[in-house]
Amino acid sequence: MNFPKNFLWGGAIAANQAEGAYDEDGKGLNVTDVSTGLINVPDYRVIPGKYYPSHEAIDFYHRYKEDLQLMSEMGFNCFRTSISWGRIFPNGDDEEPNEAGLNYYEEMFNYMLELGMEPVITISHYETPIHLVEQYGGWKSRELICFFEKYCRTLFNRYKDLVKYWMTFNEINNVHTIPFAAGAIRHDSNLQDKFQAAHNMFVASSRANKLCHEIIPDAKIGCMLSLSGVYPATCKPEDVMGAYNLRRRSLFFSDVMIRGKYPSYIKRIFEENNIQLDTRPEDFELIKDYPSQYLGFSYYRTTTYEDGMPILGNTGGVIGKANPYLKETPWGWQIDPLGLRYVCNELYDRYQVPLFIVENGMGAVDILENGKIHDYYRIKYVAEHLKQLRDAIVIDKVPCFGYTMWGCTDLISLASGQMKKRYGFIYVDMNDYGQGSLQRYRKDSFYWYKKVIKTNGSDLTF
């Protein structure tokens with residue numbers, strides 16, 4: 001069984017975890033520039049003498065040609081990255097864009113295309129300018145809608161001939177669990193602020209969709225959510241209903257962005273939590289008229305829900321008891337390849353729009369010995385997930401048009417700021433303290449993934 005013809009094979013990174021050069025060429029600070037890991041409540045400034053792993057990261061900003069050549073060697077026909085908003089509008093509300101930032105991404109996208117890779121671009125991947133947090137309160141302020149619209153208009157006009165695959169906000173539903181990164185609001189924000197930020201991002205996303213259709217009619221623009229699966233811990237009815245409600249916490253976002261309206265179940269949640277949103281009648285018309293064209297999502301694991309665990313607000317990351325039927329990564333994320341097939345069917349049954357798996361992978365400790373990294377565990381993880389994805393596409397007839405493995409080159413962990421939590425097919429010589437040559441090495445998985453792409457997924461042996 002083969003994947004569809006013209007299937008998009010590639011990998012994914014984010015500007016804030018890979019580029020470095022955090023203050024070069026006119027770039028302003030963004031929310032992740034002032035944090036050493038999303039778990040901590042950061043200061044809204046860079047503290048002299050404090051180490052920020054993302055400030056240099058893997059220096060993709062200066063080394064992107066070398067890295068893209070390695071990805072081309074694997075056979076990538078697409079590559080997902082993000083644009084740092086602060087490189088284009090350093091403060092977010094500037095009158096004019098920063099030409100150095102615009103030119104940087106233009107050169108990068110042209111180089112991708114020269115190498116035969118379609119750019120898959122996230123417009124806002126945890127990279128809201130910090131000035132918009134300090135001055136306006138982040139996405140809980142409606143004023144950010146217009147700033148984002150101006151940012152998108154600038155991107156679409158500049159890159160209309162280069163980029164045909166866009167996503168508005170990365171993992172927008174994570175405003176509940178990592179609100180500072182996802183919504184540019186404080187880590188301890190209440191539900192009112194989280195749902196207000198979400199609403200404003202919904203409106204901004206639909207404005208971006210409208211602009212994209214007008215400026216780049218042949219482009220596709222979608223939403224992106226974190227949609228690793230949820231199971232009830234037992235068949236106890238309360239566990240089953242609780243798991244269903246927890247899943248709705250994420251699906252609420254795609255319900256709005258794809259179906260084009262607020263679902264009925266959210267009214268009960270708003271009433272029970274005394275949530276009253278600041279909205280305009282035209283918001284809902286815009287959301288209805290300009291939904292997302294496809295659903296991009298990340299899938300890493302599944303979690304279990306047990307009655308009594310929190311559903312709304314910050315649930316503390318990993319939810320539920322360990323699933324006794326699954327193994328774990330070194331970071332405790334349970335490995336569930338069949339869950340990917342389940343989620344693909346769940347999402348297509350609900351939305352009937354094309355799917356795009358834009359993040360999947362496992363963090364592990366890789367050992368560099370004599371210039372080689374034997375990462376059989378990663379090969380096994382990706383192979384087993386791809387087999388289930390292939391079954392979802394070929395057997396279940398779920399339309400999915402691409403797969404981009406997360407962290408195709410090692411990068412800074414968003415959660416902890418670590419380098420030792422490695423995802424990539426390409427090893428980067430850098431440790432958790434910023435020490436290393438930054439030299440790149442091909443792992444065993446590099447050659448394995450090259451074979452997978454060459455055979456369009458028909459050879460997944462390992």
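Okay, one term before we start: when I say buried, I mean a relative accessible area under 20%, with exposed being over 50% and partly exposed in between. And keep in mind that what you have on the screen is a predicted model.

Let's begin with strand β1. By that cut-off, five of its five residues are buried, so the strand is mostly covered. If you walk along β1, L8, G10 and A12 point one way, while W9 and G11 point the other way. Both sets are buried.

So who are the neighbors? On one pairing, β1, which covers residues 8-12, runs parallel to β12, and five bridges join the two. To pick out a couple of positions, L8 sits opposite G402 of β12, and G10 has T404 of that strand as its bridge partner. On another pairing, β1 goes with β2, residues 78-82, again in the parallel sense, over three bridges. There you can find G11 facing F79 in β2.

Now go over to β12 itself, residues 400-406. How many of its residues are buried? Seven of seven, so this strand is mostly covered by that under 20% cut-off. Besides β1, strand β12 also pairs with β11, residues 355-359, in the parallel sense and over two bridges. If you want a handle on that pairing, look for L355, which stands opposite C400 of β12.

Next, the nonpolar cores. The largest one has 139 residues. Inside that core, the residues with the most contacts are W139, Y159, W166, L295, F297 and L389. Which helix gives this core its largest share? That would be α8, residues 191-215, with twelve residues. There is also a second core, separate from that one, with ten residues. Its members include L8, which we just met at β1, along with M224, F356 and V358. As a general remark, nonpolar side chains in soluble globular proteins tend to be buried together.

On to cysteines. How many disulfides does a search of the whole structure find? Zero. Take C152: its closest cysteine sulfur is the one in C212, and that is 8.9 Å away, too far for a bond. The cut-off for a disulfide is a pair of cysteine sulfurs within 2.5 Å, so that distance rules it out. Seen from the other end, C212 is in no disulfide either, with the sulfur of C152 as its nearest, at 8.9 Å. Buried or exposed, these two? C152 is buried, at a relative accessible area of 0%, and C212 is buried with 0% as well.

Let me turn to a pocket, the second largest one. The space in there is about 210 Å³. Who lines it? From the lower numbers up, we have V230, P232, V240, A243, Y244, R247, R248 and L251, and then Y342, E346 and R350. By class, seven of the lining residues are nonpolar and four are charged, with no polar ones. Three elements each supply at least two lining residues: β6 at 229-232, α9 at 237-259 and α12 at 337-351. Of the elements, α9 gives the most, with six residues.

Right after that, a couple of backbone spots to click on. Q352 lies in the loop between α12 and β11. Its phi is near 55°, which is a positive value in a residue other than glycine. A21 is another such case, with a positive phi near 45°. You'll find A21 in the loop between α1, residues 15-18, and α2, residues 60-74. A21 counts as buried, with a relative accessibility of 6%.

Last stop, G320. Where does it sit? In the loop between β8, at 302-305, and β9, at 327-328. G320 has a relative accessible area of 27%, so it counts as partly exposed, in between the 20% and 50% cut-offs. The pair to look at here is G320 and T303: they are 17 residues apart in sequence, and their C-alphas are 6.3 Å apart in space.

To recap the strands, β12 pairs with β1 over five bridges and with β11 over two, and β1 also has its three bridges to β2. That's my tour, happy to take questions.

Definitions and conventions: Residues are numbered from 1 along each chain as its sequence is written. This is a predicted model: local features need pLDDT of at least 70, side-chain atom pairs count only at pLDDT 80 or more; totals for chains, interfaces and linings use all residues. Side-chain values use heavy atoms; hydrogens and water are left out. Buried means under 20% relative accessible area, exposed over 50%, partly exposed in between (1.4 Å probe, protein chains only). On a 1 Å grid over the protein atoms alone, a cavity is a set of points where a 1.4 Å probe fits but cannot get out, and a pocket is an open set with protein on both sides within 12 Å along at least five of seven lines; lining residues have an atom within 4 Å of a point. Grid points are joined across faces, edges and corners, and a volume is the space filled by probe spheres set on the points. Helices (H or I, at least four residues) and strands (E, at least two) are DSSP runs, numbered from the N terminus. Ala, Val, Leu, Ile, Met, Phe, Trp, Tyr, Cys and Pro count as nonpolar, Asp, Glu, Lys and Arg as charged, and the others, Gly among them, as polar. A nonpolar core is a set of buried Ala, Val, Leu, Ile, Met, Phe, Trp, Tyr and Cys residues joined through side-chain atoms within 4.5 Å. Two strands pair if DSSP finds at least two bridges between them.
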